[in-house]
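Here's a quick walk through the model, from the overall layout down to single residues. Keep the structure open alongside as you read.

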Amino acid sequence: KEFLKLMSTGTGILALSPALLACRSEAGKELTLPENAFSRPLSFPEEIRASEFELAAETARRKLIGGVNSDVYTLNGSLPPPTIRVKKGETLDINFQNRLDEESILHWHGLTVPPEMDGHPKDVVGPGEAYDYHFDVNQRAATHWYHPHPHGRTGSQIYHGLAGFFIIEDEEEQALNLPSGKYELPLNIQEKQINEQGQATYSLNMMDRMMGFFGNRLFVNSIHAPYHEVTTRFYRLRLLNSSNARILELSLSDDNPFYVIGSDGGLLEQPYKVSSVTLSPAERADLLVDFGRYEVGDSLRLEARTRNGMGGMMDGMMNNGEGMMDGSGGMMQNEGSGGMGGGCMMMQRSRSSDKVVPIVEFRITEEEQDSFQLPEKLTSPSFPNESEAERTRRFNLSMEMMQGSSINGRFFEMMRVDEEVPRNALEVWEFHGDRMMAHPMHIHATQFKVLDRSGGELAPHERGWKDTMLVNTDETVRVLVNFDAPEGMFVFHCHNLEHADNGMMANFEIIS
Ligand code: C2O
Ligand code: CU
Ligand code: CU
């Protein structure tokens with residue numbers, strides 16, 4: 001009922017439903033594999049280890065699947081962008097060159113840097129312009145990432161490829177002798193919408209703007225369903241979900257357990273043996289996988305159960321609903337023609353949940369002695385104490401038809417200060433989910449400790465330092481945050497990128 005009410009507030013949507021019903025889509029075949037799956041080797045972008053370098057964003061044409069070019073954005077000609085690898089304590093000088101046809105600015109997701117170095121959307125630079133970054137990296141080892149942050153365009157620019165790893169190393173981590181070099185695999189997982197010609201497309205209809213942009217194929221390091229040859233030993237997998245909206249529940253195809261050793265903000269207290277790890281957009285997980293339990297000739301896959309984050313009722317209506325929508329996950333699509341009249345409007349975009357999609361195939365090709373011992377302890381976390389928190393702020397997340405998504409009933413405004421936070425304050429931030437969709441909430445310039453979620457236990461990787469935390473439908477999530485960045489304005493927002501681009505973002509100002 002609520003859904004119908006919502007739909008009816010959107011002009012024209014209900015009027016479309018006869019067309020929707022009349023049209024059986026091929027959506028049921030979404031997220032299955034093309035014939036050439038696992039025919040391409042996994043590869044990794046170049047790594048930048050310098051302390052002074054340039055990052056030039058450009059438009060390009062690349063073959064993503066099959067023989068047809070897609071429009072993509074590259075940095076230094078690389079897709080995905082280069083992996084930045086730094087040591088704690090380094091100072092970086094980065095010259096960002098915007099050679100796109102639109103405004104942009106880079107943000108270092110997970111880092112604590114001064115406000116003018118953080119890529120606030122107000123700091124965008126136009127085509128042909130540049131932005132100079134200069135900051136110290138003074139935080140512990142972790143798997144972070146970087147991406148553009150122009151308001152209203154972030155979803156498009158990340159989708160077109162601008163999402164790279166930003167890895168920090170430190171001595172504490174080095175002492176653990178974790179698998180490194182070719183035994184360390186940064187896997188940047190991103191969902192794309194591939195059309196019949198094999199091109200990646202991004203264009204938003206009203207539903208996409210409201211729900212977020214979902215696709216039909218998962219890419220790893222911009223390669224669809226690659227394979228990778230491994231030896232019989234431990235590997236470290238650094239996972240990033242850089243998808244616009246898709247939530248991924250990752251596991252191994254043979255259901256063997258693996259170890260999660262790190263979260264957004266670095267090492268966990270100890271390795272946790274798990275059989276799956278769930279990553280919403282922007283979340284990272286650091287894993288150890290023991291291929292020593294396999295034999296040469298074996299193969300297995302990292303796969304994802306895909307979730308759209310919609311609440312039960314919503315998901316039912318969208319995907320399995322009898323009558324209203326096509327049972328296989330189709331929704332209307334007005335890409336291209338813009339008209340509703342011509343042909344079948346069912347899109348092959350999958351908003352559906354609960355499909356299992358192979359992401360990468362690991363082939364065990366060589367025997368190798370492994371001297372690596374899984375440490376019992378990884379780090380001694382020094383989390384702040386909730387009892388020392390100075391105040392609690394409440395944030396109600398909600399989705400409004402036609403207008404976008406909001407925080408406490410307000411849509412993002414570039415220069416409006418929504419929260420003033422005294423520097424070094426320790427605060428509890430409470431996010432209240434809505435009934436429509438899950439929201440991966442991200443706070444800039446800090447790592448926080450998740451206190452609890454009302455909907456259940458915290459997963460092992462949610463017990464470490466985090467900068468992005470999934471707030472499920474109807475759920476309240478409380479996080480404990482220490483704001484130790486320098487004074488100035490930062491944003492916090494939902495990392496469903498279309499939610500953020502359509503208003504689910506706010507400013508907080510750190511004041512002295
Ligand atoms: Cu991934 Cu505002 O950032
Ligand atoms: Cu960020
Ligand atoms: Cu959201």
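Into which domains is the protein divided? The answer is domain 1 (47-174), domain 2 (181-366) and domain 3 (386-511). Bear in mind that this is a predicted model.

**How domains 1 and 3 meet**

Take the C-alpha atoms of domain 1 and domain 3, and their centres come out 23 Å apart. The two domains do touch: domain 1 puts 15 residues into the contact and domain 3 puts in 18 residues. On the domain 1 side, the touching residues break down into seven polar, five nonpolar and three charged.

**Strands to look at**

Start with an open sheet of four strands, ordered β3-β2-β5-β7, where the pairing is mixed. Its edges are β3 (69-75) and β7 (130-136), each of which has a pairing partner on one side only. Going from one strand to the next, the twist averages 20°.

β4 (residues 83-87) is worth a look too, as it pairs with β1 (residues 47-48) and also with β9 (residues 164-169). Here are three pairings side by side, with the number of bridges and one facing pair of residues for each.

| Strands | Sense | Bridges | Facing residues |
|---|---|---|---|
| β2 (52-63) and β3 | antiparallel | seven | Glu58 and Thr74 |
| β1 (47-48) and β4 (83-87) | parallel | two | Ile48 and Ile84 |
| β4 and β9 (164-169) | parallel | four | Lys87 and Glu169 |

If you're tracing side chains along these, remember that in a regular strand they alternate between the two faces of the sheet.

**The nonpolar core**

Nonpolar side chains tend to be buried together in soluble globular proteins. In this model, the largest nonpolar core has 113 residues. Which of them touch the most other members? They are Ile189, Leu239, Ile261, Leu287, Ile359 and Val471. Ile359 makes a good place to zoom in: leaving aside residues up to four places away in sequence, Ile359 touches Ile189, Leu218, Val220, Arg301, Leu302, Glu303 and Ala304.

**A closer look at Glu386**

Glu386 sits in the loop between β22 (355-366) and β23 (391-400). Why does Glu386 count as partly exposed? Because 13 other C-beta atoms lie within 10 Å, while a buried residue would need 20 or more and an exposed one would have 12 or fewer. Again setting aside residues up to four places away in sequence, Glu386 touches Val428, Leu451 and Leu480. As for Phe492, which is 106 residues away from Glu386 along the chain, 21 Å separate the C-alpha atoms of the two.

How values were computed. Residues are numbered from 1 along each chain as its sequence is written. Chains are lettered from A and ligands numbered from 1 in the order in which they are written. This is a predicted model: local features need pLDDT of at least 70, side-chain atom pairs count only at pLDDT 80 or more; totals for chains, interfaces and linings use all residues. Domain bounds come from an automatic or database domain assignment. Two residues are in contact if their C-beta atoms, placed from the backbone, lie within 7 Å. Ala, Val, Leu, Ile, Met, Phe, Trp, Tyr, Cys and Pro count as nonpolar, Asp, Glu, Lys and Arg as charged, and the others, Gly among them, as polar. Two strands pair if DSSP finds at least two bridges between them. A nonpolar core is a set of buried Ala, Val, Leu, Ile, Met, Phe, Trp, Tyr and Cys residues joined through C-beta atoms within 7 Å. Axes are lines fitted to C-alpha atoms, for helices over the stretch in contact, and angles run from 0 to 180 degrees between N-to-C directions.
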